[in-house]
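This report goes through one protein chain, from its annotated span to its core, its helix packing and some backbone details. The sequence and structure come first.

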Amino acid sequence: MIESFRKKGDESMRVVLIVLDSVGIGAMPDAHLYGDEGSNTLVNTARAVGGLHLPNMERLGLGNLDNIPGVKPVKPSEGVYGKMMEKSPGKDTTTGHWEIAGVILKKPFDLFPEGFPKELIEEFERRTGRKVIGNKPASGTEIIKELGPIHEKTGALIVYTSADSVFQIAAKKEIVPLEELYRYCQIARELLDEMGYKVARVIARPFTGEWPNYIRTPERKDFSLEPEGRTLLDVLTENGIPVYGVGKIADIFAGRGVTENYKTKDNNDGIDKTILLMKEKRHRCLVFTNLVDFDTKYGHRNNYVAYARALEEFDERLPEIFQAMEEDDVLFITADHGCDPTTPSTDHSREMVPLLGYGRKLKKDVYIGVRETFADLGQTIADMFGVPPLENGTSFKNLIWGESR
């Protein structure tokens, strides 16, 4: 039995929503359109390392969702469990988070596998007064190592993209001061919007140090496209319910609907800040956390051993989150897409995502099925808080609500 709720001073409910960035659980029916047949981040990672040890998520029902080596099916489970399918086109972080929050894209974000169009780069060079080098999909650390010496010699900006919809600008702080780099990013954001390119994020990537040991600094800054509709975050804050972001939540939503955001340096820091908020914010609120290491540090680098260890480290810390929960709190754990580290691709994978729920207000051992859209989760949270419904999604509150502990 997990049971470790603290009594709270009032009866107001808090929801803690944790997104394990890229922890998918099986290919979507249309995965073949994305070249992702057979992708299953959780199951394939578990197979590759000979089994995962995730006893806390196991008790919540994770092993009931698929045949995950090392994670047993449990009946009855301590939580509610199910899977969600993505209705939006795409398989990136922004698309996934927006859909969780109730926004389903009609048109996917633009990708640039061959680099950005000539006319776009030429106009960017004209407006910034600096030449561009790079202009291709690349790993940030690799392209800085490759082009850093040319950048230092000429002052040209290193522009690159990735499998995501991003326009990234890297520059050494000693060559391009931070505020100047941010200004160039704002120019790029405005230019992309003017020219009709649907790019999710423009990202400043400052670095320092000497070749070949350049170091990216913590002053990364995202210039994001605003969500295309009203999100769960907008609805909550409009109705007086604060939203506290942990990690890159504010970046993903262009700051909209986020009351306060707490940047993180890694997964453990994200968990620390989530627990701190749970202890300090003793009022009705949403704590929305993104743990990105699974994706950026391990998934994109096909490091399935480290990916597995990161999953086990998160699971090891779940009891601390349970301990910080108050009697009216609800915890949801999910993901935003896949990034199967066992496939030849280093790209995201078009996958379903797991959903686990836990709290005294929720029933035990409830299977919510395979939801048609991530937006069902956002709609359910809106329903729990009693705020106006979102444009998309079907609430499953009636399936899981009702104290049975």
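Residues 13-388 are 34% helix and 20% strand, and the C-alpha atoms at the two ends of this span lie 17 Å apart. The span is the one that UniProt, in an unreviewed entry, lists as "domain: Metalloenzyme". The model described here is predicted.

**The listed binding-site residues**

The unreviewed UniProt entry also gives Asp21, Asp336 and His337 under "binding site". They are spread over 317 residues of sequence, but no two of their C-alpha atoms are more than 7.2 Å apart, so they gather at one spot.

Asp336 belongs to the loop between strand 12 (330-334) and strand 13 (353-358). His337 is also placed in the loop between strand 12 and strand 13. Are these two residues buried or exposed? Asp336 has a relative accessible area of 0% and is buried. His337 is likewise buried, at 0% relative accessibility. Buried here means under 20% relative accessible area.

Leaving aside neighbours within four places in sequence, the residues in contact with Asp336 include Asp21, Ser22, Glu86, Asp92, Thr93, His97 and Asn290. With His97 there is a polar contact between side chains, at 3.5 Å. For His337, again not counting residues up to four places away in sequence, the contacts include Asp21, Ser22, Lys91, Asp92, Thr93, Asp295 and His348. Asp21 is thus among the contacts of Asp336 and among those of His337. Val353, given as part of strand 13 (353-358), is touched by Asp336 and by His337.

**The nonpolar cores**

Which residues have the most contacts inside the largest nonpolar core? They are Phe314 and Phe332, in a core of 90 residues. Helix 11 (residues 304-324) gives the most to this core, contributing 10 residues. Apart from this core lies another of 26 residues, with Ile121, Phe167, Tyr182 and Val202 among them.

Beyond its neighbours within four places in sequence, Phe314 is in contact with Ile18, Leu20, Met57, Ile271, Leu291, Phe294, Ile321 and Ile333. One of these, Leu20, is also in contact with Asp336.

**Helices packed on helix 11**

Two helices that pack against helix 11 do so at contrasting angles. The axes of helix 9 (residues 267-280) and helix 11 are 10 Å apart, at an angle of about 5°. Angles under 35 degrees count as roughly parallel, and helix 9 and helix 11 are therefore roughly parallel to each other. Helix 9 makes this contact through Asn268, Ile271, Asp272, Ile275 and Met278, while helix 11 uses Glu313, Phe314, Arg317, Glu320, Ile321 and Ala324.

Helix 1 (residues 41-48) and helix 11 have axes that come within 9 Å and cross at roughly 110°. That makes helix 1 roughly perpendicular to helix 11. On the helix 1 side the contact involves Thr41, Leu42, Thr45 and Ala48, and on the helix 11 side Tyr304, Tyr307, Ala308 and Leu311.

**Backbone details**

Most residues other than glycine have a negative phi, and most peptide bonds are trans. The table lists departures from this pattern.

| Site | Feature | Angle |
|---|---|---|
| Lys75 to Pro76 | cis peptide bond | omega about -5° |
| Trp211 to Pro212 | cis peptide bond | omega near 0° |
| Asn135 | positive phi | phi near 50° |
| Asp365 | positive phi | phi about 50° |

Pro76 sits in the loop between helix 2 (55-60) and strand 2 (80-84). Pro212 is in the loop between strand 6 (201-208) and strand 7 (215-216). Asn135, by contrast, is part of strand 3 (residues 132-137). Asp365 lies in the loop between strand 13 and strand 14 (366-371), and is partly exposed, at 22% relative accessible area.

**Ser395**

Ser395 is located in the loop between helix 12 (375-385) and helix 13 (397-400). Its side chain makes a polar contact of 2.7 Å with the side chain of Asp383. A polar atom of the Ser395 side chain also lies 3.1 Å from the backbone nitrogen of Lys397. Outside its neighbours within four places in sequence, Ser395 is in contact with Arg371, Asp376, Gln379, Thr380 and Asp383.

Methods: Residues are numbered from 1 along each chain as its sequence is written. This is a predicted model: local features need pLDDT of at least 70, side-chain atom pairs count only at pLDDT 80 or more; totals for chains, interfaces and linings use all residues. Side-chain values use heavy atoms; hydrogens and water are left out. A nonpolar core is a set of buried Ala, Val, Leu, Ile, Met, Phe, Trp, Tyr and Cys residues joined through side-chain atoms within 4.5 Å. Buried means under 20% relative accessible area, exposed over 50%, partly exposed in between (1.4 Å probe, protein chains only). Helices (H or I, at least four residues) and strands (E, at least two) are DSSP runs, numbered from the N terminus. Contact means heavy atoms within 4.5 Å. UniProt positions are given in the numbering used here, feature names are shortened, and annotations may be inferred rather than shown by experiment. A polar contact is a pair of N or O atoms within 3.5 Å; within protein, one must be able to donate a hydrogen and the other to accept it, and residues adjacent in sequence count only if both atoms are side-chain atoms. Axes are lines fitted to C-alpha atoms, for helices over the stretch in contact, and angles run from 0 to 180 degrees between N-to-C directions. Angles under 35 degrees count as roughly parallel, over 145 as roughly antiparallel, 65 to 115 as roughly perpendicular and the rest as oblique.
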